[in-house]
Amino acid sequence: MQSHTRKLLTVVTEAVLESTLVKDIERMNAHGYTITDARGKGHRGVRSAGWEANSNIRLEVVCDEETAGAIAAYLQEHYYADYAMILFLSDVEVLRPEKF
Amino acid sequence: MQSHTRKLLTVVTEAVLESTLVKDIERMNAHGYTITDARGKGHRGVRSAGWEANSNIRLEVVCDEETAGAIAAYLQEHYYADYAMILFLSDVEVLRPEKF
Amino acid sequence: MQSHTRKLLTVVTEAVLESTLVKDIERMNAHGYTITDARGKGHRGVRSAGWEANSNIRLEVVCDEETAGAIAAYLQEHYYADYAMILFLSDVEVLRPEKF
Amino acid sequence: MIDPIILFFLLGATAGLLRSELRLPAAVYELVSIVLLLSIGLKGGIELAKQPFMDLLPQMLAVVALGFFLTLAAFPVLRFLGRFKRADAASIAAHYGSVSVGTFAVVIAYLGSRQIEFEAHMPLLLVLLEVPAIIVGIVLARGLSRQTRWKSIAHEVFLGKGIVLLLGGLLIGWIAGPEGLTSIEPLFFDLFKGILALFLLEMGLITATQVGSLRQYGLFLIAFGIGMPLFSALVGTGLGWALGLSIGGTAVLATLAASASYIAVPAAMRISVPEANPTLSLAASLGITFPFNVLLGIPIYHALAVWAHTFARG
Amino acid sequence: MIDPIILFFLLGATAGLLRSELRLPAAVYELVSIVLLLSIGLKGGIELAKQPFMDLLPQMLAVVALGFFLTLAAFPVLRFLGRFKRADAASIAAHYGSVSVGTFAVVIAYLGSRQIEFEAHMPLLLVLLEVPAIIVGIVLARGLSRQTRWKSIAHEVFLGKGIVLLLGGLLIGWIAGPEGLTSIEPLFFDLFKGILALFLLEMGLITATQVGSLRQYGLFLIAFGIGMPLFSALVGTGLGWALGLSIGGTAVLATLAASASYIAVPAAMRISVPEANPTLSLAASLGITFPFNVLLGIPIYHALAVWAHTFARG
Amino acid sequence: MIDPIILFFLLGATAGLLRSELRLPAAVYELVSIVLLLSIGLKGGIELAKQPFMDLLPQMLAVVALGFFLTLAAFPVLRFLGRFKRADAASIAAHYGSVSVGTFAVVIAYLGSRQIEFEAHMPLLLVLLEVPAIIVGIVLARGLSRQTRWKSIAHEVFLGKGIVLLLGGLLIGWIAGPEGLTSIEPLFFDLFKGILALFLLEMGLITATQVGSLRQYGLFLIAFGIGMPLFSALVGTGLGWALGLSIGGTAVLATLAASASYIAVPAAMRISVPEANPTLSLAASLGITFPFNVLLGIPIYHALAVWAHTFARG
Ligand SMILES: Nc1ncnc2c1ncn2[C@@H]1O[C@H](COP(=O)(O)O)[C@@H](O)[C@H]1O
Ligand SMILES: Nc1ncnc2c1ncn2[C@@H]1O[C@H](COP(=O)(O)O)[C@@H](O)[C@H]1O
Ligand SMILES: Nc1ncnc2c1ncn2[C@@H]1O[C@H](COP(=O)(O)O)[C@@H](O)[C@H]1O
Ligand code: NA
Ligand code: NA
Ligand code: NA
């Protein structure tokens with residue numbers, strides 16, 4: 001069983017951005033994404049998920065390094081200034097590289 | 001404080017598989033697992049978690065490299081063909097290696 | 001676009017600890033955290049999230065290596081003995097190091 | 001006059017097609033279905049208490065046979081006319097041989113608001129009709145292989161949420177009887193149609209998500225999704241008439257036959273026939289047959305029942 | 001005598017301020033708002049069926065103009081007196097030019113328990129008053145630039161959960177009429193005030209979370225959060241009187257004018273004017289204006305309406 | 001005749017033991033408990049309004065003493081007969097010195113359906129009986145150390161969800177009075193037993209999950225889980241009789257004494273006595289005592305109350 005390295009991009013941001021981000025990501029050639037509901041705290045204060053305006057999502061994309069970098073740069077440029085958002089990248093091994 | 005390297009195996013798949021996967025994983029000597037509800041999109045289309053048949057789970061197992069490889073290979077062999085599923089592996093440090 | 005390495009500390013533990021942990025983490029200089037609801041199984045048995053006493057949370061903190069180590073050691077010392085809890089660390093790249 | 005609960009379905013479907021932000025949280029959907037399943041069971045149970053169980057045996061057996069027959073009838077059509085893979089044909093056939101509780105709730109509401117009586121043990125037939133199709137579907141896909149893990153399949157089928165709540169409700173209603181239940185009537189009976197309205201709103205939203213898959217799988221699936229329930233309703237009407245059911249009861253049985261599962265069967269097929277593509281069967285069952293039955297089918301099946309009874313008498 | 005639903009609000013606010021563990025799951029909050037929005041729509045729809053639509057046109061146009069006017073009136077105050085950034089002033093103004101469905105539900109309950117009649121098409125005006133402020137707010141923030149993506153803004157505004165459920169309820173009520181809806185009354189009408197009580201409990205909890213931000217942004221925001229609704233209520237009273245509304249109807253219109261959005265507008269602004277700080281507008285709208293209206297405002301607006309009608313007659 | 005709500009509990013327990021797929025989402029469980037807690041509080045509050053508060057003081061003090069006494073009585077049994085670790089014995093004792101709101105709701109429903117009157121301020125005693133056991137439990141585990149953070153414990157205890165909703169309901173009922181509440185009756189009073197049925201369904205499912213731990217911890221826990229409530233019920237009956245309560249009131253007080261906490265105390269112990277194993281106390285309280293009380297205990301405690309009153313009079 002051979003494994004291949006890809007990037008996992010994780011974004012935590014405001015739930016209101018969900019559909020916008022999904023469109024962005026698809027346009028930038030990611031082959032998929034996974035979303036979970038989240039709450040948290042950061043520079044823009046507590047986001048406790050008690051109601052819509054106050055909820056976070058946690059979005060993950062597994063993709064090649066280039067795509068991950070491009071998406072990260074795009075999100076940072078377009079949303080960091082105005083939205084509660086963090087993102088980070090890590091290395092993951094996948095078994096079927098053609099899926100990502 | 002000494003730390004030890006283990007593998008983190010992450011699986012995103014259909015919620016309907018939850019109890020089956022849990023049995024598989026336990027049989028293959030993982031000492032635990034963590035599950036969160038998720039939604040997403042991949043080769044098998046949008047899974048928006050609006051209702052049961054359409055929901056994903058995100059399952060994590062921290063274990064030694066061998067177990068992780070074995071589980072990954074088993075899942076790939078048994079479920080990749082028929083189910084919406086991705087999996088990826090990464091390196092993590094744990095403090096108490098005997099727990100995993 | 002330059003990237004910087006940070007640590008991602010992930011903790012899975014009992015939901016009842018949420019507010020206590022959040023206070024601990026903030027006191028130890030983490031700049032933020034993200035929480036999702038979870039269920040799972042470990043040495044302390046099945047925690048199926050059917051009701052409050054039985055639910056887990058999954059808490060993530062991105063921070064520098066020192067803070068991550070300090071939080072991990074603190075949690076291990078104060079909660080490992082009495083609570084269902086695991087924690088693990090991994091390396092992540094962030095774009096804006098000043099945020100973490 | 002159009003029933004308001006149908007309007008809720010249309011509202012949901014329209015909102016879904018227009019890609020509105022409207023969405024019911026999964027927990028609300030589950031609450032609503034749990035209450036509906038229990039209500040239907042309880043109502044049936046109360047009535048079951050009134051009649052000797054033995055009298056129902058012939059109807060019960062007939063309905064089980066109906067489930068086998070409909071699945072077996074659908075399979076060759078799908079396999080040879082539709083050119084579906086064996087597993088897909090078997091899985092879709094199982095969906096159509098089984099029943100939809102949502103459709104059942106709508107036909108009950110339909111008859112209720114027109115004050116048409118029907119045999120009160122219908123929920124029992126609903127439960128019975130859910131199961132045989134699943135077994136036939138698995139056998140059609142797998143053959144009668146030794147390897148089929150019937151024990152775990154039985155567990156999956158009989159201990160699924162739907163059957164447990166329906167059967168549980170039936171038993172509670174049976175044991176407690178009408179007086180025993182007065183204290184829980186406000187939740188389970190008075191709110192029934194309001195909760196059904198919320199359920200149909202959600203069903204409309206879900207139905208709308210199936211349109212994409214339909215476009216992909218084309219005309220045959222649409223034709224089957226309308227033709228099969230019409231055929232099944234004819235068989236159901238005939239059987240209802242033969243069993244001596246009232247007009248209302250015949251209409252309910254025809255609707256049951258015509259309805260296609262979208263909860264119990266998909267879950268069972270996903271586990272037992274995983275190579276079948278769930279998108280196909282759900283597109284047909286949710287995208288075509290459910291809205292067809294709810295909007296047009298039920299009045300047609302009612303007319304069929306009236307016609308069968310008049311024809312027989314005259 | 002104080003209405004019990006107000007007590008639920010105070011309970012929630014107290015629990016929140018004392019940092020109690022009490023919390024309603026997000027799914028419960030959504031269920032409760034969905035039922036409230038549908039109830040309000042349905043009730044309005046039933047009454048709409050009784051009168052020729054054309055007679056309402058003048059009121060509808062007047063209410064749209066009111067939405068434009070209130071937003072435009074709030075903006076300079078925020079920009080020049082409050083010294084807010086352009087985007088922030090525009091966003092807060094949009095919140096106050098639009099309406100709060102929760103406040104509407106409370107004024108309805110208030111008048112209901114005092115048996116004061118009001119024009120039954122008020123939910124229609126509610127829907128109409130939600131929209132113009134959003135458009136004005138975006139234009140104030142962005143100017144009339146070509147780049148503004150009006151299509152996606154229109155989608156955001158008209159297909160948001162609130163409008164879809166209110167309008168959907170209105171249409172269903174209109175089509176089905178009072179008799180058609182009897183079967184769903186137990187859920188949507190009988191439970192209305194109980195569900196409103198749960199909603200206000202949650203609103204109290206949410207309001208309490210805004211206190212921190214208020215402390216940060218200070219006196220001007222508090223003054224605006226009380227002064228603006230009083231001004232808007234005066235305008236609303238005047239308009240209600242000029243349109244020939246009853247005392248109850250005038251009080252409702254004044255309350256609508258006085259209320260500030262905390263669902264539809266925040267969502268729209270977050271997408272269309274992202275550089276506006278949402279903490280500011282929510283602190284004002286949820287932390288000040290909602291409790292002010294619910295606890296003190298509504299009786300004041302009612303008194304205003306009585307006064308306007310007496311004054312006019314006398 | 002068996003009450004249908006008990007049947008819902010049995011349905012849940014059976015489904016759980018058979019490992020059915022049936023599961024109520026956490027949000028539904030929370031909604032159901034929130035409504036139950038508020039209903040109980042409101043009902044008590046209405047009645048509280050009718051009597052001078054001072055008359056209740058003796059009963060209130062007696063009930064607080066009962067909470068202290070039961071916890072102190074249970075501890076040595078667990079520590080020396082059961083050979084539990086100090087922390088475990090203290091924690092289990094606290095569970096049994098406190099009360100279960102679910103059991104309270106069942107005894108209320110039981111008396112209600114038999115039209116047996118009871119003192120209407122019982123919810124107030126319920127609240128009072130929740131707290132002392134927690135304090136005793138912590139002291140038993142920790143000793144009277146200076147380090148115990150009583151401030152944060154008090155916060156945990158008095159601002160937990162249960163107490164806030166019960167007390168909040170009591171206050172709202174008290175202030176608003178019976179007429180004030182008519183508008184929210186349909187949700188909080190008419191649906192009470194239906195919602196209790198859903199709650200017991202879920203409790204059955206949860207109870208079933210405790211069987212595994214019971215097997216592990218064995219006979220002593222089972223004996224304690226039945227013996228302790230019987231003893232407590234005797235004490236409660238005696239106290240009820242001594243305080244001059246009616247037969248119904250005595251039965252309620254006996255049931256309160258007999259019931260064991262599974263919400264407030266577990267949460268408090270988990271934070272304040274973390275070294276106590278929560279599996280032990282929950283297995284006893286949920287796996288044994290709750291079903292015992294609901295299925296057998298309550299009729300016994302009722303018989304006890306009748307017997308005490310006859311015996312006393314005769
Ligand atoms: N250091 C951190 N570690 C983990 N999650 C974080 C961190 N900082 C922020 N977050 C998450 O990202 C969201 C937005 O962050 P911010 O833009 O800093 O407010 C927060 O609500 C948290 O959920
Ligand atoms: N590239 C990806 N990155 C993150 N999650 C993915 C990706 N591809 C698929 N997924 C998740 O895995 C599920 C199944 O994937 P698939 O089998 O490709 O449909 C999807 O519903 C997503 O939640
Ligand atoms: N090996 C593991 N991999 C992933 N999650 C785990 C593992 N072990 C434990 N967990 C999670 O951590 C929680 C507490 O673990 P424990 O203290 O071992 O009972 C469990 O309920 C699981 O959610
Ligand atoms: Na069928
Ligand atoms: Na306004
Ligand atoms: Na007790």
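These questions and answers walk through a predicted model, from its ion sites to its chain contacts and a few single residues.

Q: Which residues of chain D coordinate the sodium ion (ligand 4)?
A: The donor distances run from 2.3 to 2.5 Å. Each donor atom is an O. The donors are Tyr96(D), Ser98(D), Ala257(D) and Ser259(D).

Q: How are the donor residues of the sodium ion (ligand 4) spaced in sequence?
A: Tyr96(D) and Ser98(D) are among the donors, as are Ala257(D) and Ser259(D). Written as a pattern, the spacing is Y-x1-S-x158-A-x1-S.

Q: Is Ala257(D) buried or exposed?
A: Ala257(D) is one of the donors to the sodium ion (ligand 4). Its relative accessibility is 1%. Buried means under 20%. Ala257(D) therefore counts as buried.

Q: What is the relative accessible area of Ser259(D)?
A: Ser259(D) also gives an O to the sodium ion (ligand 4). Ser259(D) is buried, so its value must fall under 20%. The relative accessible area is 1%.

Q: Which protein donors does the sodium ion (ligand 5) have?
A: This ion takes its protein donors from chain E. They lie 2.4 to 2.5 Å from the ion. The spacing along the chain is Y-x1-S-x158-A-x1-S. The donors are Tyr96(E), Ser98(E), Ala257(E) and Ser259(E).

Q: How many residues apart are Tyr96(E) and Ala257(E)?
A: Tyr96(E) and Ala257(E) both donate to the sodium ion (ligand 5). Tyr96(E) sits in helix α4 (residues 86–97) of chain E, and Ala257(E) in helix α13 (residues 247–258) of chain E. Both residues are buried. The pair links distant parts of the chain, 161 residues apart.

Q: What share of residues 241–268 of chain D is helix?
A: An unreviewed UniProt entry annotates this span as a "transmembrane region". Its end C-alpha atoms lie 32 Å apart. Strand makes up 0% of the span. Helix makes up 68%.

Q: How far apart are the end C-alpha atoms of residues 157–175 of chain D?
A: This span carries the "transmembrane region" annotation in the unreviewed UniProt entry too. In the model, the span is 89% helix and 0% strand. The distance between its end C-alpha atoms is 24 Å.

Q: What area is buried between chain D and chain F?
A: In this pair, 25 residues of chain D are in contact with 27 residues of chain F. Carbon and sulfur atoms give 84% of the buried area. The total is about 2100 Å².

Q: Which element gives the largest share of the side of chain D that touches chain F?
A: The interface has 0 salt bridges and 5 residue pairs in polar contact. On the side of chain D, α2 (26–48), α9 (161–181) and α10 (185–190) give two or more residues. One of these gives 9 residues, the largest share: α9(D).

Q: Which elements of chain D each supply at least two residues of the side that touches chain E?
A: Chain D and chain E bury about 2100 Å² between them, 84% of it on carbon and sulfur atoms. The count is 0 salt bridges and 5 residue pairs in polar contact. The elements are α1 (4–17), α2 and α11 (192–209).

Q: How far apart are the closest C-alpha atoms of chain C and chain E?
A: No contact joins chain C and chain E. Contact needs heavy atoms within 4.5 Å. The closest C-alpha atoms lie 10 Å apart.

Q: Which residue of chain C is in contact with Gln210(F)?
A: Gln210(F) lies in the loop between α11 (192–209) and α12 of chain F. At 9% relative accessibility, Gln210(F) counts as buried. Its contacts beyond four places in sequence include Leu282(F), Ala283(F), Leu286(F) and Gly287(F). The partner from chain C is Trp51(C).

Q: Which residues is Ser213(F) in contact with, leaving aside neighbours within four places in sequence?
A: Ser213(F) lies in helix α12 (residues 211–242) of chain F. At 11% relative accessibility, Ser213(F) counts as buried. Its contacts are Thr279(F) and Ala283(F).

Q: What is the phi of Arg19(D) near?
A: Most residues other than glycine have a negative phi. Arg19(D) has a positive value. Arg19(D) lies in the loop between α1 and α2 of chain D, and is exposed at 66% relative accessible area. Its phi is near 55 degrees.

How values were computed:
Residues are numbered from 1 along each chain as its sequence is written. Chains are lettered from A and ligands numbered from 1 in the order in which they are written. This is a predicted model: local features need pLDDT of at least 70, side-chain atom pairs count only at pLDDT 80 or more; totals for chains, interfaces and linings use all residues. Side-chain values use heavy atoms; hydrogens and water are left out. UniProt positions are given in the numbering used here, feature names are shortened, and annotations may be inferred rather than shown by experiment. Helices (H or I, at least four residues) and strands (E, at least two) are DSSP runs, numbered from the N terminus. Donors are N, O and S atoms within 2.8 Å of the metal (3.2 Å for Na, K and Ca); water is not among the atoms, so sites may look incomplete. Buried means under 20% relative accessible area, exposed over 50%, partly exposed in between (1.4 Å probe, protein chains only). Buried area is the accessible area (1.4 Å probe) that two parts lose on being put together, summed over both. A salt bridge is a side-chain nitrogen of Lys or Arg within 4 Å of a carboxyl oxygen of Asp or Glu. A polar contact is a pair of N or O atoms within 3.5 Å; within protein, one must be able to donate a hydrogen and the other to accept it, and residues adjacent in sequence count only if both atoms are side-chain atoms.
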